[in-house]
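Reader: Please take one part of this structure and go through it closely. I would like the definitions stated with their cut-offs.

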Amino acid sequence: MNDRYYVSRHVQQRRSKIIVSVILLAGSIILLMPLWWMISTSLKSMDEIMQYPPTFYPHEVHWENYIEAWHTAPFTRYTLNTLLICAFSVAGSVLSNSFVGYGFAKIHFRGRETFMSVVLATMIIPGFVTLIPQYVLFSKLGWVNTYLPLIIPPFFGSAFFIFMFRQFYMTIPNELVEAAKIDGANHFYIWFWLMLPMVKPVLATVAIFSFNGAWNDLIGPLLYLNDEMKYTLQIGLQNFRGLVQTQWHYLMAASTLVLLPVLTIFFVFQRYFIEGMNLTAGMKG
Amino acid sequence: MNRKTSSIRQREEIQGYIFILPWLIGFVVFVLGPLLFSLYGSFTNYNVTSRMDFIGFDNYKRMFTGDPLFWTSLYNTFYYVIFMVPLTTAGSILMAVLLNQRVSGTRVYRTIYYMPSVLSGVAVYMLWMQILSPETGLLNTLLRLIGVEGPAWLFDPAWTKPAIIIMKMWSVGGGMLLYLASMQGIPTQLYESADLDGANAWHKFRYITLPMITPVIFFDLVTSLIGGFQIFQEGYVMSQSGDGGPMNSLLFYNLHMWNKAFEVFDMGYAMAMAWILFVIVMILTALNLKYSKNWVYYEGGDNR
């Protein structure tokens, strides 16, 4: 009887494993379909797009769609503009947040816990509450139609990244900092020479997240950039739709190109995304 | 000796403040200052260039009694949040449960399921505008294959918001990673002893997995609620540059605020709207925190 129990249990387990596998496979097909459709549409001719019944892959591959789309608008310029903003944004975020996070994790000063709760509390403030006054501030400074409103704020840290760094620094034993202090090192030295090499995974995670954030930002450029030659890819793409209307092959080709760097970064640096998630998980407590 | 230690402590303190200084400056200039400015501004007829006269509660009165689009935008936003939050939460839990099974290829599946959530911005909206396109789009094409004539999605006021919610479901894998990490931390002995008691899969999920992941559910609820109320880009890009879509069905709260602030420069009014949104988000977050005690399980027993 005992034997039969285990056998049936085993069969049941195998059956449920097969069911789970089938669901997982179906789910991934559904999730990959939109991307496949985007690439497939980007390579079709307009005639094939309009065709009924529709084709699920391009029967005639039109690589030139990409070249034509790219030259319909100054996309090269948009890309360079975007990369410039991304570079400053990444540099600013990595520097400021690793610095501030160290202060919150490894130095004792009065009011530290209070300040940390303020950092966390700012995360619930809807962006639009501060957006309008920030716009007023930057326009009074004469910064509208420059990149300054997009590249200066990252140098002052952001709550989420500060928290991520703090969580990671806290896993590093305090004895290390104490030993360095006895050797006469001050905190600036310890932060730069001792800690930064140890928190490389977080540096990478924050760099990737802030790159993606700057690459995908629409609201900032929309608000602050007026001159078309200063546009980023996001507003460039939004404008491009006005130009090509429903010529989906061009629109999908341009969209594919804009998504390509983000996709590449994701596949190459996947583990840092997961690392970032694990650090976020520390917030739930 | 005593003086020496106190001076060391003082130096430590000063260094601490220097380290948090970048954040502190940023907080005052980009957060606290703007908060106070917009609070005061919401009681004025501010328009950036010429005037800033104190007008008392006029903006708030106008919002509640004289601006039907305010109510439309509030309705649209609540509609979106009420469906999006439970659907994405349930979706990511389901995904995590499936990926937590011992079947082959879970690493590959995890990558595929997570990938859509890292993609964002205008290109994704363009992609979905094609998928949702009534004639040539993927969704209606697939529906036609099974004999269903799909709606006009972004052109039909009844279907614009469901369309946006479907699009959001594509990137549900972002939350999945958090749940998965939490599930992998559950001690296997719990499941083993449940096996001995003859528990089935549902029982194990309901009485072991679910209670153990409630802290993550709580975190997910709070953050996606806050995020949900801030929906803007979807409405802006997927309606013709911010006009709000057919019958204003995509005029979300932030889009209406944006149009007031940056299209007609009725900034005082827009700042009043911003504060109402802030208050709504604060109340909901506070309620979430308050009621979390009743259902969020923290290991160690003491309900924090």
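Author: What follows looks at the domain contact in chain A, then at the fold of chain B.

This is a predicted model, in which local features need pLDDT of at least 70, side-chain atom pairs count only at pLDDT 80 or more, and totals for chains, interfaces and linings use all residues. Residues are numbered from 1 along each chain as its sequence is written, with chains lettered from A and ligands numbered from 1 in the order in which they are written.

Chain A is divided into domain 1 (2-65) and domain 2 (72-284); such bounds come from an automatic or database domain assignment. Taken over C-alpha atoms, the centres of domain 1 and domain 2 of chain A are 34 Å apart. Ten residues of domain 1 of chain A and eight residues of domain 2 of chain A take part in the contact, where two residues are in contact if their C-beta atoms, placed from the backbone, lie within 7 Å. On the side of domain 1 of chain A that touches domain 2 of chain A, α1 (2-42) and α2 (46-50) of chain A are the elements that give two or more residues. The largest share of that side, four residues, comes from α1(A).

Chain B has 14 helices and zero strands; helices (H or I, at least four residues) and strands (E, at least two) are DSSP runs, numbered from the N terminus. The C-alpha trace of chain B spans about 85 × 75 × 35 Å along its principal axes. Among contacts in chain B between residues at least 6 apart in sequence, 68% join residues at least 24 apart.
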